[in-house]
Amino acid sequence: MIGPLVNGAALAVGSVAGAVLGPKISMNLRLKMPMVFGCASMGLGVAMIVKVKFLAPVVLALVVGSVLGELIQLESLIQKGAGKTRKLIDKVVRPSGDLSQEEFLDKFVALLVLFCLSGTGIYGSMSEGMTGDPTLLIVKAILDLFTAPIFASTMGLSVGILVVPQLAIQSMLYYASALILPLTTPDMLADFSACGGLIMLATGFRICGIKQFPVASMIPALILVMPLSYLWARLF
């Protein structure tokens with residue numbers, strides 16, 4: 001396993017660098033670069049959406065998954081964990097940013113999806129587990145290495161905590177891919193990519209501050225989309 005470890009290391013290094021160099025990073029760079037990263041997220045999302053094979057099950061998965069996410073209040077649970085994380089970090093290290101609690105929690109949820117649940121990370125982990133090729137995750141690591149410092153300059157070392165869920169999710173998918181991928185078809189993977197692309201697009205809007213999509217509540221859609229795609233192909 002190479003890709004998940006490289007990606008985790010890049011996120012950790014970038015977060016520490018951003019927290020340490022925070023005061024030295026110009027305010028203009030802090031304000032403008034998140035817009036660029038949000039734009040990149042939207043671009044990646046669009047590139048993944050166009051791969052769709054069956055649009056109906058993708059939309060159905062997104063709607064049903066979002067409803068489930070709202071019913072279990074998934075975003076609230078993540079925000080509560082983020083709040084506890086910030087308090088713990090702030091006790092040890094003086095925070096480098098001046099974000100309000102509301103702004104911090106909003107950005108933390110968006111970054112959780114961007115770093116840990118992006119289609120690139122999920123599919124890259126599965127791809128390496130099946131083929132042994134870590135290229136996709138190494139590309140993601142390069143992006144994370146430059147993305148993390150900008151956000152860590154205002155959010156502090158709390159961004160580095162995302163290494164834990166990121167490594168856990170990617171490692172689990174890496175080892176489970178040998179069981180998952182043989183059960184899938186190219187059409188199912190295409191629809192999975194499209195569903196992840198929609199969430200990435202919503203994440204980009206949220207990072208740019210254009211629209212506060214409930215991206216965390218949309219996460220269950222990634223679990224539902226491939227079974228629904230399979231059923232749709234069999235029935236229609």
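**Group meeting: a walk through an all-helical predicted model**

Let us begin at one residue, serine 66, which lies in helix H3. I should say at once that the structure before you is a predicted model. Serine 66 has a relative accessible area of 17%, and because the cut-off for buried is under 20%, this serine counts as buried. What does serine 66 touch, once residues up to four places away in sequence are set aside? The answer is Ala61, Ser217 and Met218. A further relation concerns alanine 216: its C-alpha lies 8.5 Å from that of serine 66, although 150 residues separate the two in sequence.

Helix H3 also brings us to a neighbouring loop. Helix H3 runs over 55-71 and helix H4 over 74-92, and glutamine 73 sits in the loop between them. The phi angle of glutamine 73 is near 55°, a positive value in a residue that is not glycine. For context, most residues other than glycine have a negative phi.

Let me now step back to the chain as a whole. How many helices and how many strands does the chain contain? There are ten helices and zero strands, so that, as one reads along the sequence, the pattern is α-α-α-α-α-α-α-α-α-α. The chain has 236 residues, of which 49% count as buried. The exposed surface comes to about 11,500 Å², and carbon and sulfur atoms supply 73% of that area. If we consider contacts between residues at least 6 apart in sequence, 85% of them join residues at least 24 apart.

Next, the database record. The unreviewed UniProt entry annotates residues 6-23, 108-126, 146-168 and 213-233 as "transmembrane region". Two of these spans can be compared with the model. Residues 6-23 are 89% helix and 0% strand, with their end C-alpha atoms 27 Å apart. Residues 146-168 are 70% helix and 0% strand, and here the end C-alpha atoms are 21 Å apart.

I turn to three small residues, beginning with glycine 18. Glycine 18 belongs to helix H1, residues 3-21. Is glycine 18 buried or exposed? Its relative accessibility is 0%, and therefore glycine 18 counts as buried. Beyond its neighbours within four places in sequence, glycine 18 is in contact with Pro149, Ala152 and Ser153. Which separation, then, do we find between glycine 18 and proline 149, which are 131 residues apart along the chain? Their C-alpha atoms are separated by 3.6 Å.

The second is alanine 148, placed in helix H7, residues 135-155. Alanine 148 has 0% relative accessibility, so it too is counted as buried. Its contacts, again leaving aside neighbours within four places in sequence, are Leu11, Gly14, Ser15 and Phe115. Glycine 160 follows twelve residues away in sequence, with a C-alpha to C-alpha distance of 8.2 Å from alanine 148.

The third is glycine 121, found in helix H6, residues 119-131. Its relative accessibility is 2%, and glycine 121 therefore counts as buried. Not counting residues up to four places away in sequence, glycine 121 touches Leu137, Lys140 and Gln170. Of these partners, lysine 140 is 19 residues from glycine 121 in sequence and 7.1 Å from it in space, C-alpha to C-alpha.

Finally, I would draw your attention to a helix pair. Helix H9 spans residues 186-207 and helix H10 spans residues 221-235. Their axes come within 9 Å and cross at roughly 145°, and the crossing is right-handed. Which residues form this contact? On the H9 side they are Asp187, Met188, Leu189, Asp191, Phe192, Cys195, Gly196 and Ile199. On the H10 side they are Ala221, Leu222, Val225, Met226, Ser229 and Tyr230. By character, the residues of this contact divide into ten nonpolar, two polar and two charged.

To close, I return to the starting point: serine 66 is a buried residue of helix H3, within a chain of ten helices and zero strands.

How values were computed: Residues are numbered from 1 along each chain as its sequence is written. This is a predicted model: local features need pLDDT of at least 70, side-chain atom pairs count only at pLDDT 80 or more; totals for chains, interfaces and linings use all residues. Side-chain values use heavy atoms; hydrogens and water are left out. Axes are lines fitted to C-alpha atoms, for helices over the stretch in contact, and angles run from 0 to 180 degrees between N-to-C directions. Helices (H or I, at least four residues) and strands (E, at least two) are DSSP runs, numbered from the N terminus. A crossing is left-handed if the near helix is turned anticlockwise from the far one by less than a right angle, and right-handed if clockwise. Contact means heavy atoms within 4.5 Å. Ala, Val, Leu, Ile, Met, Phe, Trp, Tyr, Cys and Pro count as nonpolar, Asp, Glu, Lys and Arg as charged, and the others, Gly among them, as polar. Buried means under 20% relative accessible area, exposed over 50%, partly exposed in between (1.4 Å probe, protein chains only). Accessible areas come from the Shrake-Rupley method with a 1.4 Å probe; for residues, only the protein chains shown count as cover. UniProt positions are given in the numbering used here, feature names are shortened, and annotations may be inferred rather than shown by experiment.
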